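Hi everyone, thanks for coming along. I'd like to walk you through a model I have been looking at, so have a look at the picture first and then we'll go through it together.

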Amino acid sequence: MDCSQFKSGILAFREHALPEAQATPASEHLASCAACRNLMSEFDQLDELIERDKAATPNPFAGTRILQRIENELGTSRERTAVRWSRILTPVVMVIALLFGLFIGTNKARNDSRITGSVAVSSENVAFLRTNLLISEFADEDKILVLNK
Amino acid sequence: MTDPELIEGILRRDRNAFQYLVEKYQARIIKTACYFVGNMEDAEDLSQEIFLDIIRSMKSFRRSSSLSTWIYRITVNRSLNLVKKHQRRGIFMRLESVFKTPSGNGGERSAEPCITQNDIDHHEKRELLNAAIRRLPENQRIAFVLSKYDDQSYKQIAEIMKIRLPAVESLIHRARKNLQKDLVPYFSEYQKK
């Protein structure tokens with residue numbers, strides 16, 4: 001075997017993938033040829049580099065970052081349920097709050113208009129005023145009705 | 001947790017299943033991605049996308065292969081897509097550099113004080129090896145990287161690549177020949193220096 005033949009099968013030789021009929025002459029050539037031994041040592045260094053790459057370990061926080069990203073992008077079932085409910089409940093609560101506000105507002109307006117007298121005074125109120133407040137010369141139903149107008 | 005339990009958990013979007021998936025596969029995914037993309041940082045970023053892909057496409061996992069094979073397939077595809085993206089970007093950057101004047105500071109590497117001649121030699125060789133692997137046709141590159149770096153058996157590679165066993169042997173043989181063609185002349189020159 002000469003150098004060019006050896007070079008053409010060097011990777012297979014290194015990985016013990018050459019058939020026996022070629023592997024034995026290749027070994028013999030290697031034992032007698034310094035240039036091919038140097039070439040082999042260059043490939044040894046490449047293998048060392050590959051082994052070094054293989055031994056490299058990922059950042060220990062990589063897993064945490066991956067999980068964080070997953071939760072940000074997808075969320076877990078419980079969180080997704082909470083988000084789904086919040087999407088439904090938020091507008092419902094808003095509408096209820098709005099209606100409640102409207103109800104309180106209209107009630108207050110009604111009460112205010114009663115105080116200013118735009119609403120007719122009931123006969124019970126007339127009796128109350130007559131007996132407790134307007135017992136004097138003003139206790140006269142006509143005057144009370146004037147006040148109601 | 002068995003694979004079927006893990007799959008069910010992922011489909012339910014269960015936090016424990018996500019955690020188990022990440023714990024079980026993160027190191028392998030990051031390392032495999034690293035062999036293709038060439039650096040750990042990119043591989044770690046890419047692994048996030050890969051896990052999202054796995055979870056999102058779990059519904060379409062037909063269980064015709066094992067879960068780990070399917071995960072490897074996604075990892076390899078995603079990694080190759082990133083490499084192609086970088087290559088496209090590289091073309092634009094090279095075009096851009098044509099119109100720029102050279103800075104003339106003698107390169108970045110020599111500016112670092114702690115780097116010895118031996119490191120430079122190693123760096124050069126690593127670059128040489130990576131470049132030679134990158135130049136391989138895609139199928140040869142996948143087969144070679146999975147075999148040489150990832151220590152996958154030919155049978156596993158055949159499953160990941162969805163090809164027959166003799167095809168894997170042939171791809172690795174051709175990859176070896178091509179690498180030899182690239183590297184032997186360089187080393188012969190290198191020895192003369």
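**Two exposed loop residues, then the rest of the model**

Let me start with a single residue: B:Lys162 is exposed, with 11 other C-beta atoms within 10 Å. Before I go on, please keep in mind that this is a predicted model. You'll find B:Lys162 in the loop between H7 and helix H8 (165-192) of chain B. What caught my eye is its backbone: B:Lys162 has a positive phi of about 55°, although it is not a glycine. As a reminder, most residues other than glycine have a negative phi.

There is another residue of this kind to point out. B:Asp151 also has a positive phi, near 55°, and is not a glycine either. Where does B:Asp151 lie? It is in the loop between helix H6 (138-148) and helix H7 (154-161) of chain B. And is B:Asp151 buried or exposed? B:Asp151 is exposed, with 9 other C-beta atoms within 10 Å.

Now let's step back and look at the chains. Chain B has 8 helices and 0 strands, and along the sequence its pattern reads α-α-α-α-α-α-α-α. It has 193 residues, and 32% of them count as buried. If you take the contacts in chain B between residues at least 6 apart in sequence, 57% of them join residues at least 24 apart.

Chain A also comes to 8 helices and 0 strands. From its N terminus on, the elements run α-α-α-α-α-α-α-α. Of the 149 residues in chain A, 8% are buried. For contacts in chain A with a separation of 6 or more, residues 24 or more positions apart account for 44%.

Next, the inside of the model. The largest nonpolar core has 52 residues, and among those with the most contacts inside it are B:Leu21, B:Ala33, B:Phe144 and B:Ala175. Which helix gives this core its largest share? That is helix H2 (residues 15-37) of chain B, with 12 residues. To zoom in on one of the core residues, B:Ala33 is in contact with B:Ala43, B:Leu46, B:Ser47, B:Ile50, B:Thr75 and B:Ser79, leaving aside its neighbours within four places in sequence.

While we are on the inside, have a look at H6(B). This helix is mostly covered, with 9 of its 11 residues buried. Among the buried ones are B:Ala143, B:Phe144 and B:Val145, and the charged residues B:Arg141 and B:Lys148 are on that list too.

Let's turn to how helices pack on each other. Two packed helices are described by the angle between their axes and the distance between the axes. Take helix H1 (residues 3-11) of chain B and H2(B): their axes come within 8 Å and cross at roughly 125°. That makes H1(B) oblique to H2(B), and the crossing is left-handed. On the H1(B) side you have B:Leu6, B:Gly9 and B:Ile10, which meet B:Asn16, B:Ala17, B:Tyr20 and B:Leu21 in H2(B). By type, the residues of this contact are 5 nonpolar, 2 polar and no charged.

On to the next pair. H2(B) packs against helix H3 (residues 40-56) of chain B at an angle of about 130°, with the axes 8 Å apart. H2(B) and H3(B) are therefore oblique to each other, but here the crossing is right-handed. From H2(B), residues including B:Val22, B:Ile29, B:Ala33 and B:Val37 meet residues of H3(B), including B:Met40, B:Ala43, B:Leu46 and B:Ile50. The contact of H2(B) with H3(B) divides into 11 nonpolar, 2 polar and 2 charged residues.

Last stop: the place where the chains touch. How many residues does each chain bring to the contact? Chain A brings 28 residues and chain B brings 32. On chain A, helix H2 (10-14), helix H4 (34-55), helix H5 (62-73) and helix H6 (77-115) each supply at least two residues of the side that touches chain B. The largest share of that side, 9 residues, comes from H4(A). As for its make-up, the side of chain A that touches chain B has 14 nonpolar, 6 polar and 8 charged residues.

That's my tour, so please ask away!

Definitions and conventions. Residues are numbered from 1 along each chain as its sequence is written. Chains are lettered from A and ligands numbered from 1 in the order in which they are written. This is a predicted model: local features need pLDDT of at least 70, side-chain atom pairs count only at pLDDT 80 or more; totals for chains, interfaces and linings use all residues. Two residues are in contact if their C-beta atoms, placed from the backbone, lie within 7 Å. Helices (H or I, at least four residues) and strands (E, at least two) are DSSP runs, numbered from the N terminus. A nonpolar core is a set of buried Ala, Val, Leu, Ile, Met, Phe, Trp, Tyr and Cys residues joined through C-beta atoms within 7 Å. A residue is buried if 20 or more other C-beta atoms lie within 10 Å of its own, exposed if 12 or fewer, and partly exposed in between; C-beta atoms are placed from the backbone. Axes are lines fitted to C-alpha atoms, for helices over the stretch in contact, and angles run from 0 to 180 degrees between N-to-C directions. Angles under 35 degrees count as roughly parallel, over 145 as roughly antiparallel, 65 to 115 as roughly perpendicular and the rest as oblique. A crossing is left-handed if the near helix is turned anticlockwise from the far one by less than a right angle, and right-handed if clockwise.
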